[in-house]
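Work through these short exercises with the coordinates open. Each one gives a task, then a stepwise solution.

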Amino acid sequence: MANDIANTVEMEDEGKKRKITGTWKVIITVISIAAAIYHLISAYQMVLPTMWHRSIHLSVGLFLSFLLYPAVKKHKAKVPIYDYLFAFLSATFTIYLIADYKGIVGRAGVPNSLDVMFGTIVIILVLEATRRIMGWPLVIVGLVALAYAFLGPYMPGMLMHRGYTIKRIAEEMFLTTNGIFGVPLYVSSTFVIIFIIFGAFLNQSGAAKFFIDLAFGLTGKARGGPAKAAVVSSGMLGMISGSSYANVVGTGQFTIPLMKSVGYKPEFAAGVEAAASTGGQIAPPIMGAAAFIMAEMLGIGYGELIIRAAIPAFLFFAAIFIMVDLRAAKVGLKGLPKSQLPNVREVFRENGQLLIPPVAIVALLLGGYSPIRASLYAVITILAVSCIKASTRMSLKDIAAALEKGIADSLNIIAACGVTGLIIGVVTLTGLGLKLSNLILTLSGGQLIPTLILTMIASIIMGMGLPTTALYVILAAMVAPAIVELGVNPIAAHLFIFYFGVFAAVTPPVALTSYLGAAIAKANGARAAFEGFKLSLAAFIVPF
């Protein structure tokens, strides 16, 4: 089952990718493995200056993105000349930063023509890579931000500012840590990528099979058992993937048919999987990678954050669990027979050791270890634990595959963090965040509940088209200050916008997770979206 899940998720991603063979396939594999090893070493001891490290991280991500993701579908079978050029430029800007680092530092505030040229190139590369991997929504927000930086003098009312030249924007985005190389890319280049590599190792060892078998063994006999198993397994896998879409496609291939087989309607089955998979993004310890950025922006320990986030996550999953049980009781559904379910004791006896790495990582974080060190030790732990049993023991080939997969899975995060850094750079440069916060406070009359409602609406609307990590960073800079200004605890304010941004994925009319579930269930998409929304209603109450 674990291999089937991995293959299913892989197939969804592979649908976008180019089929690389021959020499370039070897080059991509070698670069990916080398990059993963470099990040693991850096997690133990950072050996390069901050800008060098972030630049190398971005360069590798862009280089691989232009080779693996075609600009148009007709070029999936081959790599056109311009993609080789893009890949070359992706490596060149880092070489330039490293080679002329002292000169760049020395002329801070007075960029030369090469600084501006490379800054412009990096902006274009980041936007184009993001378009290829994630589509247009985030790119459009980035382009609007750049347009706003240029057109400040022509904007109405409080949105007006003095405007900035290409030279000034390129410098801010490329040569400082306020733009593309800002906090999002810092977090991506340190602990997030190590957590992604950790997830790749965990999957390679068979943890996906263990979690799903455990969920079915624990809940399958109860009424509506397959639906409850979907809730539990999606929450568990959410700790690994941090992606609601990957959860739906992965676990949904098994849970949705089983839910249908015991009498649940296809639309309800799709809705259950969509709601539970989306909830995986608010479940510690990973929380869609945004939690790491949240801790950094709030200046608090990651352990403290996940303790606070655990209670709302538990309430959300408890609410779904109860709603599933009530539906099963209403329509008289029963669980699966014991003969069709995994034996919990056998599951633990065979692969119970695979619980150690997730437990270890939480223990390390709560014990005061930094996310960077905790994630590194978690990778070491999974390597050690996998050796206990022959069925999970990884060969050198498996380890290499996990390293390569970890980098491949991080490409969308790298691209999104690059564009998000650009957007935040514009927000900081123009003072837009403060202006929007003032606008929200003005419209709400300075009252808390109206402010929260307006913030909720803004979070949901933006969340309909943006990935979780990018969405959180943008909202944290533009919306959260309005709530904090009214005396709300900053952690509560940031979690508030994060939750609503996440659950935009099950909010009609977009509700992409529900549509993915509907495709698996062969159900009506609109009805599935409505069911997913109803099941997720707790997520719209708990944040308040």
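**Exercise 1.** Is lysine 405 buried, partly exposed or exposed?

Solution. The model is predicted.
- Step 1: take the relative accessibility of lysine 405, which is 29%.
- Step 2: apply the cut-offs: buried is under 20%, exposed is over 50%.
- Step 3: lysine 405 therefore counts as partly exposed.

**Exercise 2.** Find the salt-bridge partner of lysine 405 and place the pair.

Solution.
- Step 1: aspartate 409 is the partner, with the closest N and O atoms 2.8 Å apart.
- Step 2: both residues lie in helix α19 (residues 396–430). They are 4 residues apart, about one turn of the helix.
- Step 3: aspartate 409 has 31% relative accessibility, so aspartate 409 is partly exposed.

**Exercise 3.** Describe the salt bridge between glutamate 531 and lysine 534.

Solution.
- Step 1: the closest N and O atoms are 3.7 Å apart.
- Step 2: the partners sit 3 residues apart in helix α26 (residues 525–535), so about one helical turn separates them.
- Step 3: glutamate 531 is buried at 14%, while lysine 534 is partly exposed at 27%.
- Step 4: elsewhere, salt bridges with shared partners link Arg18, Asp83, Glu128, Arg131 and Arg132 into one network.

**Exercise 4.** What lines the largest cavity?

Solution.
- Step 1: the count of cavities of 30 Å³ or more is 1.
- Step 2: the largest cavity holds about 50 Å³ of space.
- Step 3: its lining includes Ile282, Phe316, Tyr499 and Pro543.
- Step 4: the lining residues divide into 8 nonpolar, no polar and no charged.

Methods:
Residues numbered from 1 in each chain as written. Predicted model: local features only at pLDDT ≥ 70, side-chain atom pairs only at ≥ 80, totals over all residues. Heavy atoms only, no water. 1 Å grid on protein atoms, 1.4 Å probe; cavity = no way out; pocket = protein on both sides within 12 Å on 5 of 7 lines; lining within 4 Å. Points joined across faces, edges and corners; volume = space filled by probe spheres on them. Nonpolar A, V, L, I, M, F, W, Y, C, P; charged D, E, K, R; others polar. Salt bridge = Lys/Arg side-chain N within 4 Å of Asp/Glu carboxyl O. Helix = DSSP H or I, 4+ residues; strand = E, 2+ residues; numbered from the N terminus. Buried < 20%, exposed > 50% of the residue type's maximum accessible area, 1.4 Å probe, protein only.
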